[in-house]
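Got the viewer open? Let's walk through this one a selection at a time.

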Amino acid sequence: PWRLVADNWKGGSFPIGLGQNGLITINPDSDASLMFVGTEGSGKTHFGLRPLIAEALADGWQVVVFDHSGTDFNLFRQHKNAHLALFGQNNAVELNQYLRNLMVEIQRRLVILRSSGETGWEYLQYQGNPRILAVIDNVNLLQEGMPTLGDVDELWRSLRYITAEGKAAGVNLALAVRDPSYMNVDLRFRRMTSPVCFRVRDLDASKLILNRGGAQELCPRQFFAAFQSATTCGLAFAPQDEDLTAFLEGRQAPDWPAPDWMGSPGGGSSESQP
């Protein structure tokens with residue numbers, strides 16, 4: 001039950017479900033980039049991304065969501081630290097510009113970090129730079145809307161950079177991939193992430209994400225999480241909109257200014273809004 005989080009969670013590591021040995025949690029310092037995968041209806045967005053976003057917001061993070069429709073994230077629109085950018089089939093390539101902007105932001109933070117002599121993001125936060133969770137839902141759908149293979153290559157290059165350099169600058173990444181395959185998942189990026197695998201279509205998809213079978217047999221809400229080379233089976237929480245809204249209303253977070261790098265890329269038709 002979601003109340004295990006709502007009533008007891010004090011911040012820090014993010015609970016994503018319950019296993020045989022208790023809560024399964026994500027350590028954002030060691031598991032800085034996450035890949036939620038599964039077939040449609042398996043729970044990767046509703047029971048994977050959404051609770052993670054709520055926990056990050058409740059812990060004082062700034063969350064930026066990139067999506068093709070945004071409907072699954074409507075409940076976060078009114079939160080002062082949540083920001084949403086939407087892309088249709090005609091302007092999915094604008095995602096690359098947002099990611100370039102985010103890379104520039106990471107580089108800016110790393111300069112400040114080096115000059116400070118500090119080794120972590122805490123110093124940056126004290127200077128008005130919140131920890132950021134960048135979320136891309138159904139990244140393969142956005143990938144399909146890009147006009148050239150060069151645009152697709154740039155997408156994965158940017159994601160690899162953000163994964164490699166973002167943690168030190170307080171930037172974490174969470175992607176959702178529907179029906180993963182060797183055609184729509186960059187293998188170098190996959191090796192850099194911690195997977196949370198809900199039910200997938202077949203044995204090949206399970207092996208791609210987990211290096212083992214079994215995920216093709218999961219029931220809805222069940223998942224395998226591979227953190228620090230250990231694979232755990234769990235059952236995801238199932239909070240409804242009203243549960244997450246009440247959870248956020250009961251927790252006060254710093255009021256961060258809107259991120260400068262989230263300006264609309266080139267005046268296109270994408271929607272960027274809190």
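Start by selecting cysteine 219: it is partly exposed, with a relative accessible area of 46%. Keep in mind on this tour that you're looking at a predicted model. Cysteine 219 takes part in no disulfide, and the nearest cysteine sulfur, in cysteine 233, sits 9.4 Å away.

Now add cysteine 197. Is cysteine 197 buried or exposed? At a relative accessible area of 0%, cysteine 197 is buried. The closest cysteine sulfur to that of cysteine 197 is again in cysteine 233, and at 10 Å the gap is too far for a bond. A disulfide would need the two sulfur atoms within 2.5 Å. Don't go hunting for one elsewhere, either: the structure holds zero disulfides.

Next, the inside. Select Phe66, Leu95, Ile136 and Leu159: in the largest nonpolar core, which has 45 residues, these touch the most other members. Which helix gives this core its largest share? That's helix H3, residues 94-116, with eight residues.

Zoom in on phenylalanine 66 and show what surrounds it. Beyond the residues up to four places away in sequence, phenylalanine 66 touches Ala85, Phe87, Leu95, Tyr98, Val135, Ile136, Asp137, Trp261 and Met262. Apart from this core there is another one, of 40 residues, including Ile24, Phe36, Ala225 and Phe247.

Hang on to Phe247, and select helix H9, residues 241-249. Phe247 is one of the buried residues of H9, along with Leu244 and Leu248. Look down the axis of H9 and you'll see these buried residues fall within an arc of 95°, so they line one face of the helix. What covers them? Helix H1 (3-8) and helix H2 (44-58) are among the elements lying over the buried residues of H9. Swing round to the other side of H9, where Glu242 and Glu249 are exposed.

Last stop: valine 93. You'll find valine 93 in the loop between strand S5 (82-86) and H3. How does it count, with 29% relative accessibility? Valine 93 is partly exposed, because that value lies between the 20% limit for buried and the 50% limit for exposed. Show its contacts and, leaving out neighbours within four places in sequence, you get Met146, Pro147 and Asp151. For a final distance, pick the C-alpha atoms of valine 93 and glycine 41: the two residues are 52 residues apart along the chain, and these atoms are separated by 26 Å.

Note on methods:
Residues are numbered from 1 along each chain as its sequence is written. This is a predicted model: local features need pLDDT of at least 70, side-chain atom pairs count only at pLDDT 80 or more; totals for chains, interfaces and linings use all residues. Side-chain values use heavy atoms; hydrogens and water are left out. A nonpolar core is a set of buried Ala, Val, Leu, Ile, Met, Phe, Trp, Tyr and Cys residues joined through side-chain atoms within 4.5 Å. Buried means under 20% relative accessible area, exposed over 50%, partly exposed in between (1.4 Å probe, protein chains only). Helices (H or I, at least four residues) and strands (E, at least two) are DSSP runs, numbered from the N terminus. Contact means heavy atoms within 4.5 Å. The arc is that of the directions from the helix axis to the C-beta atoms.
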